[in-house]
Amino acid sequence: KLAIKYGKVGDLRPLISAEWDGNNDISSLNGDKLFSGFYINELILKLIQKNDPCPELFETYESTLIQLCSNDFAQEAVLRLFEAKLLKEMGLFPDFISSYEGDTSSINYFISSTDGVIAVDNKKINQQKFLLERSRKISTEAMKILCGEVFDLKYWNKVINNKKTSTEIKSILKILLDYHLDFRELKSRKILIDLNLFKNKKRS
């Protein structure tokens, strides 16, 4: 990272000095990891207000880059942790714990980008039809996971072992992020999709 000093005159602040802080080596951020770095950069640029210092968020940002460079954790686990922490820092991470009513088949769970988590008794689904039309159903398994240690990287590293639930949770976090992005397409996401399509086509 760079240790930067700049002046405080006007919106375009003059750069006084910029020195490399070599305490953490992120030179191995390449390939898919590099695109993941682009992704978290784009999320921050589009979601955080200009001149908002967000010290805790940028500590998270730094640790995320270091974790991406490490081989100790899966890339998907690092990204899910960052997304969860970003939503939390913005005050937008839903209260899954308070909404969870236990592992019972009589309760259905839904996620809404505007209303958060909605728990509905099977007998009352028709009464909530209008509200639920703007929501996505969540499996009980995904609810249990999202009530867990979602701000711990080791926890996410275990979660992604279940591909089906991991894919569902990725989609849930995307719903929450996309709403606050005003549904603007992220260039980094599009590049990754196109790259994966190219790889698959090349293999076939």
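**Close-up views of a predicted model**

Seven aromatic pairs are counted in this structure, which is a predicted model.

**View 1. Y100 and Y109 form a tilted aromatic pair.** The ring centres of Y100 and Y109 lie 5.8 Å apart, and their planes are at 35° to each other. An angle under 30 degrees would have counted as stacked and one over 60 as edge-to-face, so this pair is classed as tilted. The two partners are described separately for accessibility. Y109 is buried, with a relative accessibility of 1%, whereas Y100, at 23%, is partly exposed. The cut-off for buried is under 20%, and Y100 is therefore placed in the partly exposed class.

**View 2. An aromatic cluster contains F93, F96 and F151.** These three phenylalanines make up one cluster. The ring of F151 also has a charged group over it: the charged end of K88 sits there, 4.6 Å from the ring centre. F151 is thus shown both as a member of the cluster and as the ring beneath the charge of K88.

**View 3. D178 in helix α8 makes a polar contact with R189.** Helix α8 spans residues 163-180 and includes D178. The side chains of D178 and R189 are joined by a polar contact of 2.7 Å. When neighbours within four places in sequence are left aside, the residues in contact with D178 are F183 and R189. D178 has a relative accessible area of 11% and is therefore classed as buried, the limit being under 20%.

**View 4. Helices α1 and α2 are roughly antiparallel.** Helix α1 covers residues 32-47 and helix α2 residues 55-69; their axes come within 10 Å and cross at roughly 170°. Because angles over 145 degrees count as roughly antiparallel, the pair is given that description. On the α1 side, the contact involves K33, S36, G37, I40, N41 and I44. These residues meet F58, Y61, T64, L65, L68 and C69 of α2.

**View 5. Helices α1 and α9 are roughly antiparallel.** The axes of α1 and of helix α9, residues 187-203, come within 8 Å and cross at roughly 155°. From α1, the residues making the contact are D32, F35, F38, Y39 and E42. From α9, they are K187, S188, R189, I191, L192, L195 and K199. R189 is thus one of the α9 residues in contact with α1, and its side chain also makes the polar contact with the side chain of D178.

Technical notes
Residues are numbered from 1 along each chain as its sequence is written. This is a predicted model: local features need pLDDT of at least 70, side-chain atom pairs count only at pLDDT 80 or more; totals for chains, interfaces and linings use all residues. Side-chain values use heavy atoms; hydrogens and water are left out. Helices (H or I, at least four residues) and strands (E, at least two) are DSSP runs, numbered from the N terminus. Buried means under 20% relative accessible area, exposed over 50%, partly exposed in between (1.4 Å probe, protein chains only). A polar contact is a pair of N or O atoms within 3.5 Å; within protein, one must be able to donate a hydrogen and the other to accept it, and residues adjacent in sequence count only if both atoms are side-chain atoms. Contact means heavy atoms within 4.5 Å. Rings of Phe, Tyr and Trp (its six-membered ring) pair if their centres lie within 6.5 Å; planes under 30 degrees apart count as stacked, over 60 as edge-to-face and the rest as tilted. A charge sits over a ring if NZ of Lys or CZ of Arg is within 6 Å of the ring centre and within 35 degrees of the ring normal. Axes are lines fitted to C-alpha atoms, for helices over the stretch in contact, and angles run from 0 to 180 degrees between N-to-C directions. Angles under 35 degrees count as roughly parallel, over 145 as roughly antiparallel, 65 to 115 as roughly perpendicular and the rest as oblique.
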